[in-house]
Amino acid sequence: MQFADALRARKSVRAFRADPVPREVVEAILEDAARSPSGTNIQPWKVHVVMGPARDRLVAEVLAHRETRPDDSVAEFPNRGKRKEPYTTRMRTLGKAMYGLIGIPKGDEAAGWEQWGRNYKFFDAPVGLIVTIDKDLGSMSYIDLGIFLQSLMLSATSRGLSTCAQGAWNQFWSATRRVLEVPDDEYIVCGVSLGYEDETAPVNALVSEREPVSAFTTWHEE
Ligand SMILES: Cc1cc2nc3c(=O)[nH]c(=O)nc-3n(C[C@H](O)[C@H](O)[C@H](O)COP(=O)(O)O)c2cc1C
């Protein structure tokens with residue numbers, strides 16, 4: 001697959017088939033992602049791969065934690081900042097399109113809670129990745145992590161697999177920390193679902209919008 005094709009073909013998939021992904025394929029994708037650049041080459045990424053019974057155990061524990069402590073949804077690290085325009089509109093546009101495809105009416109909080117909970121099943125993907133970072137590192141290292149994630153997702157796409165990056169995994173982080181024995185000096189930044197797209201699922205028809213180049217670029221030429 002050409003680079004531009006992989007870039008355009010990648011999308012967030014939120015329903016996966018049960019077909020397993022061989023460990024060698026996951027390893028090859030991680031090897032590709034490790035070629036990502038990072039400031040002074042510190043390579044700050046750390047990844048927990050969960051598959052098989054280990055995946056099922058994590059899913060069960062985090063979902064149980066979420067049911068008993070639904071308010072425990074704040075990330076351990078300051079991660080959101082203040083929501084304002086134009087970001088709120090973009091976020092609502094995505095939410096409206098996604099929940100529309102799934103058939104969840106606006107204001108149906110129970111159905112919304114249920115659908116968001118699918119994050120913690122990795123949307124039924126057979127492989128889940130939990131990405132962590134050393135707490136001592138600064139914000140530049142999160143740029144490195146983002147580049148690593150995009151490399152990983154494009155590598156997966158080029159191999160016929162699909163992904164969904166998931167900030168959701170920084171919520172209910174204490175359960176994930178306990179199950180995966182993540183050291184206290186690392187933050188759980190996000191997760192990634194990895195597997196084969198369920199092409200019959202309506203939610204996967206979602207095509208997210210993008211602003212034109214002119215909306216985010218200032219040219220200085222003279
Ligand atoms: C850092 C990051 C965190 C994300 N967290 C979630 C998440 O928790 N759940 C989810 O369904 N999608 C999540 N997404 C997917 C975004 O909603 C998606 O990338 C965006 O809407 C653009 O759509 P596309 O990936 O299909 O191009 C996340 C994406 C990124 C990059």
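**Entry 1: Burial, and T176**

I call a residue buried when its relative accessible area is under 20%, exposed when it is over 50%, and partly exposed in between. The model I am reading is a predicted one.

I looked up T176 under that rule. Its place is in helix 7. T176 comes out at 0% relative accessible area, so it counts as buried.

What does T176 touch, once residues up to four places away in sequence are set aside? I get L58, V62, I130, W169, E181, V182 and I188.

**Entry 2: The rest of helix 7**

I widened the search to the whole helix, residues 173-180. Its buried residues are W173, A175, T176, R177 and L180. Which elements do these buried residues pack against? I find strand 1, helix 3, strand 2 and strand 4.

Then I checked both flanks. F172 sits in the loop between strand 3 (162-166) and helix 7. F172 is not a glycine, yet its phi is positive, about 55°. At 1% relative accessibility, F172 is buried. After helix 7 comes E181, and its phi is also positive, near 55°.

**Entry 3: Nonpolar cores**

I went to the cores next. In soluble globular proteins, nonpolar side chains tend to be buried together. How many residues does the largest nonpolar core have here? The count is 22. I noted the members with the most contacts inside this core: I29, V127, L145, L152, L161, V189 and L194. At least two residues of the core come from each of helix 2 (23-33), strand 2 (127-134), helix 6 (139-158) and strand 4 (186-195).

There is a second, separate core of 21 residues. I130, C164, A168 and L180 are among its members. I had met two of these names already: I130 is on the list of residues that T176 touches, and L180 is one of the buried residues of helix 7.

I returned to the largest core and picked L145. Leaving out neighbours within four places in sequence, L145 is in contact with P44, W45, V131, T132, I133 and V189. V189 is itself on the list of core members with the most contacts.

**Entry 4: Salt bridges**

I counted 13 salt bridges. I followed up three pairs.

R23 and E27 came up at 3.7 Å, N to O. Both lie in helix 2, four residues apart, which is about one turn of the helix. Is each partner buried, partly exposed or exposed? R23 is exposed at 56% relative accessible area. E27 is partly exposed at 40%.

E186 and K46 meet at 3.9 Å, N to O. E186 is in strand 4 and K46 is in strand 1 (residues 46-51), so this pair ties together parts that are 140 residues apart in sequence. E186 is buried at 9% relative accessibility. K46 is partly exposed at 37%.

K135 bridges to E76, with the closest N and O atoms 3.0 Å apart. Where do the two residues of this pair lie? K135 is in the loop between strand 2 and helix 6. E76 is in the loop between helix 3 (52-68) and helix 4 (87-102). I logged a gap of 59 residues and a link between distant parts of the chain. Both count as partly exposed, K135 at 26% and E76 at 25%.

I then checked for a wider network. E76, K135, R177 and D184 are linked by salt bridges. R177 is also one of the buried residues of helix 7.

**Entry 5: Backbone oddities**

I looked for cis peptides. One joins E85 and P86, with omega about 5°. P86 lies in the loop between helix 3 and helix 4. E76 is in that loop as well.

N41 drew my eye next. It is not a glycine, but its phi is positive at about 55°. N41 is in the loop between helix 2 and strand 1.

I also looked at P53, which is found in helix 3. P53 is exposed, at 63% relative accessibility. Its C-alpha atom is 25 Å from that of S12, and the two are 41 residues apart along the chain.

**Entry 6: A pocket**

Last, I looked up the second largest pocket. Its volume is about 170 Å³. Which of its 13 lining residues lie nearest its centre? They are T157, G160, L161, S162 and E197. By class, I get four nonpolar, four polar and five charged residues in the lining. L161 also appears among the residues with the most contacts inside the largest core.

Note on methods: Residues numbered from 1 in each chain as written. Predicted model: local features only at pLDDT ≥ 70, side-chain atom pairs only at ≥ 80, totals over all residues. Heavy atoms only, no water. 1 Å grid on protein atoms, 1.4 Å probe; cavity = no way out; pocket = protein on both sides within 12 Å on 5 of 7 lines; lining within 4 Å. Points joined across faces, edges and corners; volume = space filled by probe spheres on them. Nonpolar A, V, L, I, M, F, W, Y, C, P; charged D, E, K, R; others polar. Core = buried A, V, L, I, M, F, W, Y, C linked by side-chain atoms within 4.5 Å. Buried < 20%, exposed > 50% of the residue type's maximum accessible area, 1.4 Å probe, protein only. Contact = heavy atoms within 4.5 Å. Salt bridge = Lys/Arg side-chain N within 4 Å of Asp/Glu carboxyl O.
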